[in-house]
Protein chains: 2
Amino acid sequence: MQEFLPPRRLLLGPGPSLVHPRVLRAMATPLLGHLDPAFLTVMTDIQTLLREIFHTNNRFTIALSGTGSAGMEAAIVNVVEPGDAVVVGVNGVFGTRLATVVERCGGKAIRVEAPWGRIIETAAIEAALSRSGPVKAVALVHAETSTGARQPLDAVGALCRTHNALFIVDAVTSLAGIPVEVDAWGIDVCYSGTQKCLSCPPGLAPVTVSERALETITRRRTPCQSWYLDFSLIAAYWEEGSRAYHHTAPISMVYALREALRLVEEEGLPARFARHRLNSAALVAGLAALGFTLLPPAGRQLPMLTCVTVPSHIDDAVVRAQLLQAYGIEIGGGLGPLKGKVWRIGLMGESSTEANVLTLLNALEEIGIRSGWLSTPGVALQAAARAYSHTPLEKDGV
Amino acid sequence: MQEFLPPRRLLLGPGPSLVHPRVLRAMATPLLGHLDPAFLTVMTDIQTLLREIFHTNNRFTIALSGTGSAGMEAAIVNVVEPGDAVVVGVNGVFGTRLATVVERCGGKAIRVEAPWGRIIETAAIEAALSRSGPVKAVALVHAETSTGARQPLDAVGALCRTHNALFIVDAVTSLAGIPVEVDAWGIDVCYSGTQKCLSCPPGLAPVTVSERALETITRRRTPCQSWYLDFSLIAAYWEEGSRAYHHTAPISMVYALREALRLVEEEGLPARFARHRLNSAALVAGLAALGFTLLPPAGRQLPMLTCVTVPSHIDDAVVRAQLLQAYGIEIGGGLGPLKGKVWRIGLMGESSTEANVLTLLNALEEIGIRSGWLSTPGVALQAAARAYSHTPLEKDGV
């Protein structure tokens, strides 16, 4: 079997995003044992940096040994016991998955639904809490990667406290791209993934858990169904002074995450958020010039994941295949009911640059000219350039 | 926060083992999307190479997105439904963990116990099967990493078929270090880890599942409690022609595993097994000269993980700390009831070399001379040299 030589790819899909060369290099660092004092300092560093990005003081702030989906499962199975009711916002693939995970651990999922692309209204969550009996938790997806919708969260934490429910948030796609204010918003369990706006390879799930949630977990009547994802066991490995063996940590991924978090710290969150907004605005302007419309309504759109309806004159599968094969550009298609209908374009972390926006728009224009659905070259690029020139202040952060 | 600069370490503990520079370099490969056709070929390559190492034709042969412990949990939660009885061999940490995982998913663990360091006798398994009602599975640890015991497996598969039970085997530490004959031994679910004899960083769990086990899984009355580890969903992603999105694969770890498996293929399994036997024999001879005795009885010892009783004149914690701090050598201490009593020295994959055996023995001799418990320098090295010189034929594989 030959050496694997990957084709060159510009990753502008729903993740993984492009990875900084420093992060790739960090993974090539020789391994340490998972109980080596030198490795334990790496874990402590990661906890420190994650607390900054999550905006939290939570002691339990760690990187779980699995992808973002493992983070989701961990959040649910640690909190939910058989028979517990959980209010779940369902407006896309990941809300749907949350409800499934609740049911798989014997919980009752109270689905609060909205059309794909729309948000879950706080009033609907409140109504569900009011008409249900005791609810163990409310679970919402901050950035619904299947639709590009940005879920408001700031009013839900208080609501959860009123109803004595924990607040679980999926921040897989949002973390480090838009503000995730764990403490200020009263989030009790928040999980993310590494391969989105953190621009680290997939394989770890950053997770933070409030003291309030830890108390609930301590008072469980039944043991957590998952041994691998059991927060009480994992805490013993991550806590300074304890560091008890649970499972072998994925050393190289932990190296990668430390370096990715260090890059986030160097840029600074405000500049990083501004960069995501700026490039998104330019992309959206360019796509609009080509006839694409955004799926989520104004004010509810994610800057790191732009979900647009593909106009009827464009063949979804053909154009995405051309982008990949002729230009080496990956963008995402629609999932579930949106299959064939939308594109999901990610400008996450390292992928969010002016060069990438212009490269993608230019490739689309070239395909459009050759396919006959575009007559004037440069319209999309011009629209993007106008967006860039109209946002001089935010550009400081680029 | 500064760049992380790891100390130099010789990894001779119970894993992670040393990683070949080619594997480290493979991880620095730029990322592809998890649905990119070029990435799907990497997955197919891994399946092909894993089938060779597992000695199986199983269609379902994959690398799970978690460490070896996730492989254990996946093996159990996919097979076991609430109320199912599972016969579990318990003679160390990992058998104990298997029983816990069975109970956490509502199964009944029928523990067949043996003292730590001993194997589970086939007759004891047969007795447990005969006196119990229907048993869903028998679960055994091939290489008990906490004790260094090598569990015979070849007679258990037929026994399982007689009793209509599935045969689950933990091959975390054994795979690619000693033969693991999945098809010939009638193993139905076999899982491993990457950081032992495969010499790949931790983070993935190779898993293979027989058609017989897949049929049992298809006939489940209840859905698998874990969404993340659900084989039926994972199969849809790994199967050629399907490749349905389940979760984002840990791309860089998959690159690493492909390269590690390629190195195993280049060496060849017989040569690799011989190398593990040879270096283990030399290590054991050297340790015996220093007063260490093997915990498992003759014929039941693992070549990749040597578990020795620490003689009373040697201070476990002090000497291990000296090895780490002054020599950069990591070896493992005892777990549970063996804490403070044994050392676990791993010669796994890339760590299994003549140079590493000699380096460790020499370091121990130096410590012994300085501490006063050794008077003649070179006794351990001499014993090791004798072992090497007495095994000329096997040395061909080094």
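**Entry 1: a strand and a binding site**

I count a strand as a DSSP run of E with at least two residues, and strands are numbered from the N terminus. I am working on a predicted model. I began with A:Arg344, which sits in strand 15 of chain A, residues 342-346. UniProt, in an unreviewed entry, places the feature "binding site" at A:Arg344. Is A:Arg344 buried or exposed? I found a relative accessibility of 6%, so A:Arg344 counts as buried.

**Entry 2: the annotated lysine**

Next I looked up A:Lys196. The unreviewed UniProt entry covers A:Lys196 with the annotation "modified residue: N6-(pyridoxal phosphate)lysine". I placed A:Lys196 in the loop between strand 9 (189-191) and strand 10 (205-209) of chain A. The relative accessible area of A:Lys196 is 6%. The cut-off for buried is under 20%, so A:Lys196 is buried.

Which residues does A:Lys196 touch, beyond those up to four places away in sequence? I noted A:Pro14, A:Gly15 and A:Ser17, then A:Thr145, A:Val172 and A:Thr173, and last A:Met348 and A:Gly349.

I then looked for a charge partner. A:Lys196 has no salt bridge, although it is buried. The nearest side chain of opposite charge belongs to A:Asp170, and it is 8.4 Å away. A salt bridge needs nitrogen and oxygen within 4 Å, so A:Asp170 does not qualify as a partner for A:Lys196.

**Entry 3: cis peptide bonds**

A:Gly15 came up among the contacts of A:Lys196. I checked its bond to A:Pro16 and found a cis peptide bond, with omega about 0 degrees. A:Pro16 lies in the loop between strand 1 (10-11) and helix 1 (21-27) of chain A. In chain B, I found a cis peptide bond between B:Gly15 and B:Pro16, where omega is about 5 degrees. B:Pro16 is in the loop between strand 1 and helix 1 of chain B.

**Entry 4: positive phi**

I looked for positive phi values outside glycine. One is A:His55, with phi near 55 degrees. A:His55 lies in the loop between helix 2 (37-54) and strand 2 (60-64) of chain A. With 29% relative accessibility, A:His55 is partly exposed.

B:Ser199 also has a positive phi, near 55 degrees. I found B:Ser199 in the loop between strand 9 and strand 10 of chain B. B:Ser199 is buried, at 2% relative accessibility.

**Entry 5: two copies**

How is chain A superposed on chain B? I read a rotation of 180 degrees, with 0.0 Å of shift along the axis and an RMSD of 0.0 Å. This is how a two-fold axis relates two copies. In chain A, A:Gly66 has the C-alpha nearest the axis, 2.7 Å from it. Both copies use the same surface, since 100% of the contact residues of chain A recur in chain B.

**Entry 6: the nonpolar core**

The largest nonpolar core has 230 residues. Which members touch the most others? They are A:Phe39 and B:Phe39. I listed contacts of A:Phe39 more than four places away in sequence, including A:Leu32, A:Tyr237, A:Ile251, A:Val254 and A:Tyr255. In soluble globular proteins, nonpolar side chains tend to be buried together.

**Entry 7: salt bridges**

How many salt bridges does the structure hold over all chains? I have 32 on record.

One joins the side chains of B:Arg9 and A:Asp36, at 2.4 Å from N to O. That pair crosses between chains. B:Arg9 is in the segment before strand 1 of chain B, and A:Asp36 is in the loop between helix 1 and helix 2 of chain A. B:Arg9 is buried at 18% relative accessibility. A:Asp36 is buried at 1%.

Another pairs B:Glu81 with B:Arg221, at 4.0 Å. B:Glu81 is in the loop between helix 3 (68-79) and strand 3 (85-90), while B:Arg221 is in the loop between helix 7 (211-218) and helix 8 (231-238), so the bridge ties together parts 140 residues apart in sequence. B:Glu81 is buried at 2% relative accessibility, but B:Arg221 is exposed at 62%.

I also looked up B:Asp84 and B:Lys136, whose closest N and O atoms are 2.6 Å apart in a salt bridge. The two residues are 52 apart in the chain. Both B:Asp84 and B:Lys136 are buried.

Last, I noted a network. Salt bridges link A:Arg22, A:Glu259, A:Arg262 and A:Glu266.

Key
Residues are numbered from 1 along each chain as its sequence is written. Chains are lettered from A and ligands numbered from 1 in the order in which they are written. This is a predicted model: local features need pLDDT of at least 70, side-chain atom pairs count only at pLDDT 80 or more; totals for chains, interfaces and linings use all residues. Side-chain values use heavy atoms; hydrogens and water are left out. A nonpolar core is a set of buried Ala, Val, Leu, Ile, Met, Phe, Trp, Tyr and Cys residues joined through side-chain atoms within 4.5 Å. Buried means under 20% relative accessible area, exposed over 50%, partly exposed in between (1.4 Å probe, protein chains only). Contact means heavy atoms within 4.5 Å. UniProt positions are given in the numbering used here, feature names are shortened, and annotations may be inferred rather than shown by experiment. Helices (H or I, at least four residues) and strands (E, at least two) are DSSP runs, numbered from the N terminus. Copies are superposed by least squares on the C-alpha atoms of residues with pLDDT of at least 70 in both. Lys and Arg count as positive and Asp and Glu as negative; His and the chain ends are not counted.
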